[in-house]
Amino acid sequence: MSVLEVRGLGVDYDGVRVLERIDLSVAAGAFCTVVGASGCGKSTFLRILLGQERPTRGEVLLDGVPIPPEPMPDRGVVFQKYSVFAHLSVRDNLALPLEIQRARGLGRLFGRARRQVRAEVADLLHRIGLEHAGDRYPGQLSGGMQQRLAIGQALVLKPRVLLLDEPFGALDPGIKKDMHALILNLWQDTGMTVFMVTHDIQEAFQLGTRLVVFDKLRHDPHAPRAFGATITYDLPLRPPQPPAADRPAGPDPAAAAASQPPAPDAAPETGETPDAAP
Amino acid sequence: MRLINQKPSRIARYALGALPFAAVLLIYSVASKLRHMENPQDRLLPSLQQMAAAVERMAFTPSKRTGEYTMWLDTLASLERIGIGMLVSTVLALVLGIAMGAIPRIRATLAPFVGAFSLIPPITVLPILFIVFGLGETAKIALIVVGTAPVMTRTVAQATADVPDELLVKVQTLGANSWQIVTRVFVPMVLPRLIGAIRMGLVPAWIFLVSAEAIAAEQGLGYRIFLVRRYLAMDVILPYVAWITIIAYVLDRAFYLLSRKGLRWAHGEGGAL
């Protein structure tokens, strides 16, 4: 059954066609990765999924219901930067979603309720590997640790879909590998649906159960703005949300995933993607 | 080694920093001495001893007429005015600034007005304030507010608008309503800039305080300076100016330290100012 469904979506900016004719149906438990040249509208697409922007045409359904035109807890998000709150300690960043849910007035809990919330996030703090840094501020953390925190924070409310906007784009390759392991682990544990935009094709193949490529299919040299990008490739890579036994239970499933070569027919196709569009 | 790469040691830095102060003091002392050698009655450049005597008289001897310690009375009166004025400005800046920065409808309504209001030279409003509020405390406090609140409000509004969109989207995905976004994101994230705005606002606040006191008051640091000016009492004016400077410096440092200690997250690296 599909969690996320996009029907006939199109976006124009001041007469410039950015996206057109996008149809997509993401199954529950899928890890859908999206790649495309920069400026091809994949970030615009993500903003629409978030509810930050409204499409010019078409609609987006979450569990069969059109999404409201603003961000909501059913869609969690991690951006490349500015994803955590600089004025809150690591622990308080994780407690924030619960405080917001429980203290509808001030959004802040005190005394016992506050201690309770902090205790509740202790497990998550451990799972994202930051228990030693619970009292530090994000500014005192490395980029990778900040993104771990951002992912943890986005998961507190158990969103239906987790949207990732180039979350590892600014990280060193080694750190990136750790982050891949983390996100795969969390994905398996929670069984959530992930939708990830990236410009790293290798990463997209490694992580995704399904790879979607955005590109311009048509191009008119006399009217370069007339056509927008759409989905040019849609490759299934793995079954969505495999049983836990299928994946190595070791501490680094990303490394294991990396050693599995991507589907042989898929790889060359992606290599050609930029030229493939007529 | 190039000049731009030669960095003084810690001790050398303090010594160099003290140099201009010492130079001014020395030049003043010499000039004062020269004038007194020519005319022992000189009032223009009182000696340091004369100034010390004046401070002793103003600050540590009860006034013959009222039995009070004039300088402390003046200090308290001025601090009360500037304190209340800055408090009002701070509250206005926080409330209006965040409302303008966070809520597009309020920004559209208020931004042009606050922008225009901040361009009025505050001192030209002083006669109006005296007419409306009378010569009492209200007019003086109002002048400080008129002179500082608009700029502080714009600073806070800008700081609010500068909160990255990503964070606003994120907090909405955590289920926050508008009020929770104000209390949990905008207010705490704007506080460092608000403290900066207070520090910047204190500079004109002193100007407006002294101006208002000069025109109509019964006590206050500015009032005293302009009162004794009639007797060419430089031995009182100079220590008063120094005293105001010291108070201003201490207040500025206090707010800086408040920010450093209370908002550690905002002073991660390098520090500010």
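Trainee: Before we get to Ser83(A), what does "touches" mean here?
Mentor: Contact means heavy atoms within 4.5 Å, and please keep in mind throughout that this is a predicted model.

Trainee: OK, so which residues does Ser83(A) touch, leaving out residues up to four places away in sequence?
Mentor: Within its own chain Ser83(A) touches Val78(A), Gln147(A), Ala150(A) and Gln153(A), and from the partner chain the list adds Leu167(B) and Lys170(B).

Trainee: Where in chain A is Ser83(A) found?
Mentor: Ser83(A) is in the loop between E6 and H2 of chain A, and its side chain reaches the backbone nitrogen of Phe79(A) at 2.6 Å.

Trainee: Is Ser83(A) buried or exposed?
Mentor: Ser83(A) has a relative accessible area of 3%, and because buried means under 20%, that residue counts as buried.

Trainee: Let's zoom out to the interface. How many residues does the contact take from each chain?
Mentor: Chain A contributes 36 residues to the contact and chain B contributes 21 residues, while the area buried between the two chains is about 2500 Å², with carbon and sulfur atoms giving 61% of that area.

Trainee: Which residues of chain A lose the most area to chain B?
Mentor: Those are Tyr82(A), Phe85(A) and His87(A), which together account for 24% of what the chain A side buries.

Trainee: And the polar side of things, how many residue pairs are in polar contact across the interface?
Mentor: The rule finds 15 residue pairs in polar contact between chain A and chain B, counting pairs with both residues at pLDDT 80 or more.

Trainee: Which elements of chain A each supply at least two residues to the side that touches chain B?
Mentor: Strand E6 (75-78), helix H2 (90-102) and helix H5 (143-155) each do so, and the largest share, five residues, comes from H2(A).

Trainee: How do the residues on that side of chain A divide by type?
Mentor: The side of chain A that touches chain B divides into 21 nonpolar, nine polar and six charged residues.

Trainee: What about salt bridges, how many between chain A and chain B?
Mentor: The count is one salt bridge, formed by Arg184(B) with Glu99(A), whose closest N and O atoms are 3.3 Å apart.

Trainee: Switching topic, where does Ile84(B) lie?
Mentor: Ile84(B) lies in helix H3 (residues 70-102) of chain B, and at 35% relative accessibility Ile84(B) counts as partly exposed.

Trainee: How far apart are the C-alpha atoms of Ile84(B) and Trp206(B)?
Mentor: Their C-alpha atoms are separated by 13 Å, although Ile84(B) and Trp206(B) are 122 residues apart along the chain.

Methods. Residues are numbered from 1 along each chain as its sequence is written. Chains are lettered from A and ligands numbered from 1 in the order in which they are written. This is a predicted model: local features need pLDDT of at least 70, side-chain atom pairs count only at pLDDT 80 or more; totals for chains, interfaces and linings use all residues. Side-chain values use heavy atoms; hydrogens and water are left out. Buried area is the accessible area (1.4 Å probe) that two parts lose on being put together, summed over both. A salt bridge is a side-chain nitrogen of Lys or Arg within 4 Å of a carboxyl oxygen of Asp or Glu. A polar contact is a pair of N or O atoms within 3.5 Å; within protein, one must be able to donate a hydrogen and the other to accept it, and residues adjacent in sequence count only if both atoms are side-chain atoms. Helices (H or I, at least four residues) and strands (E, at least two) are DSSP runs, numbered from the N terminus. Ala, Val, Leu, Ile, Met, Phe, Trp, Tyr, Cys and Pro count as nonpolar, Asp, Glu, Lys and Arg as charged, and the others, Gly among them, as polar. Buried means under 20% relative accessible area, exposed over 50%, partly exposed in between (1.4 Å probe, protein chains only).
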